[in-house]
Amino acid sequence: VALVVGIGSGSAAKTSAYKVAWIYVGPHNDHGWSQAHDQGRLYVQHALGGKVQTTYKENIANGPQLKQTVASLVQQGYKMIFGTSFGFFDKSLAAKYPDVKFEQATGTDTAPNLSEYFGAAEDTIYLSGMAAGAATKNGKLGYVVPFPIPEVIRHANAFALGAQAMHPGATVKLIWTNAWLSVPKERQAAESLHGAGADVLGQNVDSPTTGQYAESVGVPWVGYDSNARSFAPKQWLTASIYHWGPYYLRRVKAAMNGTWKPGFYYGSIKDGFTALAPYGPKVSAKTKAKIAAKMAAIRNGKFYEFAGPLYDQSGKLKVPKGKKLSVRDLYAMNWLVKGVIGSPKG
């Protein structure tokens, strides 16, 4: 009898686990964006144990493949799905599956069962730009960028402003890869930027390829999304990183206990959502102190990188003195700051 009861309760426990899925645009072990989300998934799994059943789908492209992936997850009984790329979910997709809770990273569309989440990476990217600005000798920096969307444009702007704070007059040259993750394109972009005179490289793409190239040619590198110091131990400076886990845990718990509501979450340094990765050997004590002071000023609201006066590439005043860009403005940003070389159209 004990055996039968054991089997019964075992299967009952298994079916009552809340099923949550994550959809990644790249591989779960990219040492960048998708891996950071997967660490968030594992954080949830670890915290909730047998109460949840999690899965992930990787290398999913927007469009038919994404729709097919969602349909199959819903069919398998997944009640909550996190989509970790811009444009994955919209109102029409959410309306098709009203009983499923959808959450999308980096977008703006909300619905009764669709939520959005992201954070002020521009703040920590500005700080990582300060490390880059302190490292440049000739004032020419290179930045490898994926797509010309507001998210990437504001990140490139923040990087440039941070670099200019440490090295007045510094320029940041952009090369667009038109891919979130493409090892050959990222390598080619890094080579081109270095060939054009950039003596520090940064990125807003998902793999550590730029860093591996930087290490091979002895040029300092700022990463993005996660601590990738192991790929460029000598040249690593730092990176803006995200702590997705606590947010994921909060939302999954809310979905399980019936308190989940759609919303728009924008995390910050203040709530621990965005942070800086540990510094590499090239960042001086003086630079660390300046970055720490600026981070404290951002945290307590005394400093904001997108406060006027701010000028665009052509020198035109875009944000007058005394005005600050709102999060809504940042989500529509389509212009590059003075000193950025490249087109905001890609």
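User: Let's start with a helix. Which residues of α10 are buried?

Analyst: This is a predicted model, so take everything here as computed from it. In α10, the buried residues are Thr287, Ile291, Met295, Ala297 and Ile298. Looking down the helix axis, you'd find these residues within an arc of 160°, so they line one face of α10.

User: What sits on the face of α10 turned away from that buried side?

Analyst: That face carries Ala285 and Lys286, both exposed.

User: And what covers the buried residues of α10?

Analyst: The cover includes α5 (121-135), α6 (150-166) and β12 (274-276).

User: How do I check the length of α10 against what a helix should span?

Analyst: Count residues and use 1.5 Å for each. Helix α10 covers residues 285-299, and its 15 residues should span 21 Å; the C-alpha atoms at its ends are 21 Å apart, which agrees. Just past α10, Gly301 has a positive phi of about 80°.

User: What does helix α9 look like by that check?

Analyst: Helix α9 runs over residues 245-257, and its 13 residues reach 18 Å from first C-alpha to last, close to the 18 Å expected. Its buried residues are Gly245, Tyr247, Tyr248, Leu249, Arg251, Val252, Ala254 and Ala255. After α9 comes Gly258, again a glycine with positive phi, near 85°.

User: On to cores. Why look for clusters of nonpolar side chains?

Analyst: In soluble globular proteins, nonpolar side chains tend to be buried together. Here, the largest nonpolar core has 73 residues, and Leu127, Leu174, Trp244 and Val252 have the most contacts inside it. Another core lies apart from it, with 18 residues, including Ala198, Val205, Trp236 and Ala275.

User: Which residues does Leu127 touch, leaving out those up to four places away in sequence?

Analyst: Leu127 touches Ile269, Leu276, Ile291, Lys294, Met295 and Ile298. You've met some of these names already: Ile291, Met295 and Ile298 are among the buried residues of α10.

User: What about Ser128, is it buried or exposed?

Analyst: Ser128 is buried, at a relative accessible area of 1%. This serine is found in helix α5. Skipping residues up to four places away in sequence, Ser128 touches Phe159, Val222, Thr238, Ala239, Ser240 and Leu276.

User: Where is Gly83, and what does it touch beyond four places in sequence?

Analyst: Gly83 is found in strand β3, residues 80-83. With a relative accessible area of 0%, Gly83 is buried. Its contacts beyond four places in sequence are Ile23, Phe88, Phe89, Glu103, Gln104, Ala105 and Tyr117. For a sense of distance, the C-alpha atoms of Gly83 and Phe303 are separated by 32 Å, with these positions 220 residues apart along the chain.

User: Zooming out, how many helices and strands does the protein have?

Analyst: There are eleven helices and 15 strands. The radius of gyration is 21 Å, close to the 20 Å from the globule rule for 346 residues, so the protein is as compact as a globular protein of that length. Along the principal axes, the C-alpha trace spans about 75 × 40 × 40 Å.

User: What share of the residues counts as buried?

Analyst: Of the 346 residues, 53% do. The accessible surface is about 14,800 Å², with 56% of that belonging to carbon and sulfur atoms.

User: What share of the contacts comes from residues 24 or more positions apart?

Analyst: Taking contacts with a separation of 6 or more, such residues account for 64%.

Notes. Residues numbered from 1 in each chain as written. Predicted model: local features only at pLDDT ≥ 70, side-chain atom pairs only at ≥ 80, totals over all residues. Heavy atoms only, no water. Core = buried A, V, L, I, M, F, W, Y, C linked by side-chain atoms within 4.5 Å. Buried < 20%, exposed > 50% of the residue type's maximum accessible area, 1.4 Å probe, protein only. Contact = heavy atoms within 4.5 Å. Helix = DSSP H or I, 4+ residues; strand = E, 2+ residues; numbered from the N terminus. Expected span 1.5 Å × (residues − 1). Arc of directions from axis to C-beta. Rg over C-alpha atoms; globule rule 2.2 N^0.38 Å. Areas by Shrake-Rupley, 256 points an atom, 1.4 Å probe, with all protein chains shown as cover.
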